[in-house]
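Please look over the model shown below, with attention to its cysteines and its nonpolar interior.

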Amino acid sequence: MAHVPSAVRPDSSGQTAAPILPLILPNKTNYPSKILHCDVVFGSPSMNCNGTGICKINITNFGQRSPAKKSCQLTFAIASTAPNGIISLYFFRELLCIQLYRKHFRKGIMRMAEACPIPTDLAKGLNIKSKTMLPGNYAVEELDGYFRVDLDCA
């Protein structure tokens with residue numbers, strides 16, 4: 001019988017464990033090395049997190065998921081900063097429910113109809129002064145097992 005690392009075995013507690021995926025971030029000459037684990041809730045803030053876009057982001061500890069996080073509107077992401085006031089969000093394909101994928105990622109454009117506030121702890125953790133992710137249509141870049149979206153901030 002082949003050895004299967006515990007990180008990829010089914011979790012007997014009933015909750016899905018986050019898979020270990022290779023994530024290759026751009027080198028430090030282009031992007032800072034600071035990254036944060038977060039939960040991203042999709043939707044529009046004014047529509048009680050329904051619709052398109054990003055409704056809110058919360059910093060989280062990697063692998064620690066609360067029971068309330070079973071909604072298809074929510075997924076795990078990694079946040080990083082780039083020069084010129086941009087936040088890069090990395091979403092793992094394996095962690096996206098099919099409805100989320102179809103609604104927000106499939107056509108290569110993520111639409112944000114309205115601005116989304118950046119939580120103070122996220123801004124402080126990424127060392128940025130921005131307070132808002134701006135509305136707009138953002139390119140979704142698909143890489144090895146994950147999607148990257150670069151969001152303009154003010």
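The report takes up the disulfides, then the free cysteines, then the core.

This is a predicted model, in which local features need pLDDT of at least 70 and side-chain atom pairs count only at pLDDT 80 or more, while totals for chains, interfaces and linings use all residues. Residues are numbered from 1 along each chain as its sequence is written, and side-chain values use heavy atoms, with hydrogens and water left out.

The structure holds two disulfides, a disulfide being a pair of cysteine sulfur atoms within 2.5 Å.

| Pair | S to S | Angle about the S-S bond | Hand |
|---|---|---|---|
| Cys49 and Cys55 | 2.0 Å | -65 degrees | left-handed |
| Cys72 and Cys97 | 1.5 Å | 60 degrees | right-handed |

Cys55 counts as buried at 7% relative accessibility, where buried means under 20% relative accessible area, exposed over 50% and partly exposed in between (1.4 Å probe, protein chains only). Cys72 is partly exposed at 29%, as is Cys97 at 22%.

The sulfur of Cys116 lies 6.6 Å from the closest cysteine sulfur, that of Cys55, which is too far for a bond. Cys153 is likewise in no disulfide, the nearest cysteine sulfur, in Cys116, being 9.3 Å away.

The largest nonpolar core (buried Ala, Val, Leu, Ile, Met, Phe, Trp, Tyr and Cys residues joined through side-chain atoms within 4.5 Å) has 29 residues, and Leu89 and Phe91 are among those that touch the most other members. Val149, with a relative accessible area of 0%, is in contact (heavy atoms within 4.5 Å) with residues including Leu89, Phe91 and Phe105.

Key:
Lists of a residue's contacts leave out its neighbours within four places in sequence.
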